[in-house]
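I opened the model to look up its covalent and charged links. These are my notes, in the order I took them.

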Amino acid sequence: MDVKLLKVKQFPIDLPVRRKPSNAKALCLISLTTTLSIACFILGLFCHVNKPTQLILNDRLTMRDFMPYFRWWKDTSDVLVTCRIFIFNVTNSKEWLDGKDDQLHLEEVVPIVYREILVHDNVTFHEHNSTMSYITRRHLEFLPERNAPGILNKTIIVPNTSLLGVAARMENDFYFIKKGLNFIYSISGDSVFSNMTIYDYLWNTKPLFLQQARSIIPSMVPAENVGILSTMYEDPEEHVNVRYGRHYGNEQFFMMNTYEYEPTVPGFSLARGDCFASIVNSSEGATYSQNLNEQSVLIYWRKTLCRAVPLYFDGRVQRGPLIGYKYSLPDSSYDRLANSTADCYKGQYTLLEDGCTDVSKCYHDVSLAATSPHFYARNFTNAHKITGMKPNRELHHSYTIVDPSFGIPLDQSARTQTNLVIPKLSGYASEIRQFSEMIIPMFWIEYHQKELPIYIVRTLQAFYVIRDIEPYLPYALYLACVLLLVVAFREAARFNIQQSRIVPTKC
């Protein structure tokens, strides 16, 4: 073989190559576990110092407009509140007028069911004094599926409350003024009983007596239409000012300062020297104070009742998956006060009995009084001329069941009966005088919020889950921090071993 050829032709030789292991995945895992461990430690330390549920409640006090709890309050379209009206129909009006019966027989008509729509609008925050102003609008929507067919066209017989109410109001006036009322009554062709449809009674009551009086003395008749729901909802807007923010804390959250720019019930004017019928510290029922307990007293304000009433703790109640606190209206709520001067609801035209509260200030000064439905829990002396009352606590008492942490109503029912109160009459026509010293039930009404939307219930459930695990949460986070650090150190050790290892390749 040619030696020169061997020297020229050389063959490549593969030598072992030192290859570094792939370290991107390991470094990523180490960084992630280390970061998470630090986050768990900081979060655990934060939960150890601060309670998450208390932070949630404190944040709700601020009522920030982009948070869910503000939207729940402002938009109530998902909350069903039914308004049921029970009318008392007179079944023996002819026998009563003829003197054959000495008692009026009343029969409760099946309820007429509406939905009450509540809107909160024009919300304004006053940060200088931690108050919030807004406008409340309410209106009714008829629910055909919950009513008997043709119920609004049913004919009823009811006392002519306009005529009898004016007579009661004028009882202490001069003789000639009463004669003037008798004259208007005689030429009007009206009667002490009115025969009309339920719809007209609710929305379109225009007695001949009032029409005649309005044509002669316009100032005597403030409203021509005295339908009961038309009168109750004649003011479309209510101006409210409430407290909010951490300045007042949980105890005073959403308590009223003023209603229609006054701290009193409409019709009671401190400037005129009227009784101080306060609405301060009350609530319209959309939400109450936070962190309630068994000693808490809820004050409920409703214009239809014409006063604010206290509700007291009455036990814990299960409502779906939640446990609420039940606060009930005491049976003695409408009783007379020992201090007669401080009793703003004793009656303008006659001293009312225990169990009655005067509402004339809210209804054009007509002699009206509110009681519990069917005179529940009280026996009235002036009710002996009435039959048909069937009091029942389960059906006729008022209550609210509230989530104790947030003060959100889970279930509530406000029930009240409106009655015409007539003193001893003199100087009127005989058929008018026949109603002397009577308390005549006109109707009773129930506002009922039966349940909350499911998304609110689920949110409240989540809050209580957090509250239950709250004592153990910091320690769970500390444990997670330690476990993550162990994983990080293990991966770091494995990475160092791989870095020092040489991996041979195939020849």
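**Disulfide, second pair.** I started with Cys-306 and Cys-362, which form a disulfide with sulfur atoms 2.0 Å apart. The model is predicted. I read 85° about the S-S bond, which makes the link of Cys-306 and Cys-362 right-handed. Cys-306 sits in the loop between β9 and β10, and Cys-362 in the loop between β12 and β13 (368-371), so the pair ties together parts that are 56 residues apart in sequence. I then checked accessibility. Cys-306 comes out at 0% and is buried. Cys-362 is buried too, at 13%.

**Disulfide, other pair.** I found that Cys-275 and Cys-344 also form a disulfide, with 1.9 Å between the sulfur atoms. The torsion about their S-S bond is about -65°, so this disulfide is left-handed. Cys-275 is in the loop between β8 (256-259) and β9, while Cys-344 is in the loop between β11 (322-328) and β12 (357-358); the pair therefore ties together parts that are 69 residues apart in sequence. Cys-275 is partly exposed at 22% relative accessibility. Cys-344 is buried at 11%.

**Count and pairing.** I get 2 disulfides. With the bonded cysteines numbered in sequence order, the pairing reads 1-3, 2-4.

**Cysteines without a bond.** Why is Cys-83 not in a disulfide? I looked up the closest cysteine sulfur to that of Cys-83: it belongs to Cys-362 and is 17 Å away, too far for a bond, given a cut-off of 2.5 Å. Cys-83 is buried, at 0% relative accessibility. I ran the same check on Cys-28. The closest cysteine sulfur to that of Cys-28 is in Cys-40, at 17 Å, again too far for a bond.

**Helix α2.** Cys-40 took me to α2, where I listed buried residues, among them Cys-40 and Cys-47. Ala-26, Ile-30, Thr-33, Ser-37 and Gly-44 of α2 are buried as well. I also checked the length of α2 (residues 24-49). At 1.5 Å a residue, its 26 residues should span 38 Å, and the end C-alpha atoms are 38 Å apart, so the two agree.

**Salt bridges.** How many salt bridges does the structure hold? I have 18. I looked up several pairs.

I took Asp-59 and Arg-64 at the start; their side chains meet with 2.2 Å from N to O. Asp-59 is buried at 15% relative accessibility, whereas Arg-64 is partly exposed at 34%.

I went on to Lys-303 and Asp-235, whose closest N and O atoms are 2.6 Å apart. Lys-303 lies in the loop between β9 (297-302) and β10 (307-319), and Asp-235 in the loop between α10 (228-232) and β7 (237-243), so this salt bridge ties together parts that are 68 residues apart in sequence. Which partner is buried and which is partly exposed? Lys-303 is buried, at 18%. Asp-235 is partly exposed, at 40%.

I then read Arg-319 and Asp-411, which meet in a salt bridge at 3.0 Å, N to O. This pair links distant parts of the chain: Arg-319 is in strand β10 and Asp-411 in strand β16 (residues 409-422), 92 residues apart. Arg-319 is partly exposed at 31%, and Asp-411 is buried at 5%.

I closed with a network. Glu-116, Arg-138, Glu-284 and Arg-302 are joined into one by salt bridges that share partners.

Note on methods
Residues numbered from 1 in each chain as written. Predicted model: local features only at pLDDT ≥ 70, side-chain atom pairs only at ≥ 80, totals over all residues. Heavy atoms only, no water. Helix = DSSP H or I, 4+ residues; strand = E, 2+ residues; numbered from the N terminus. Expected span 1.5 Å × (residues − 1). Buried < 20%, exposed > 50% of the residue type's maximum accessible area, 1.4 Å probe, protein only. Salt bridge = Lys/Arg side-chain N within 4 Å of Asp/Glu carboxyl O.
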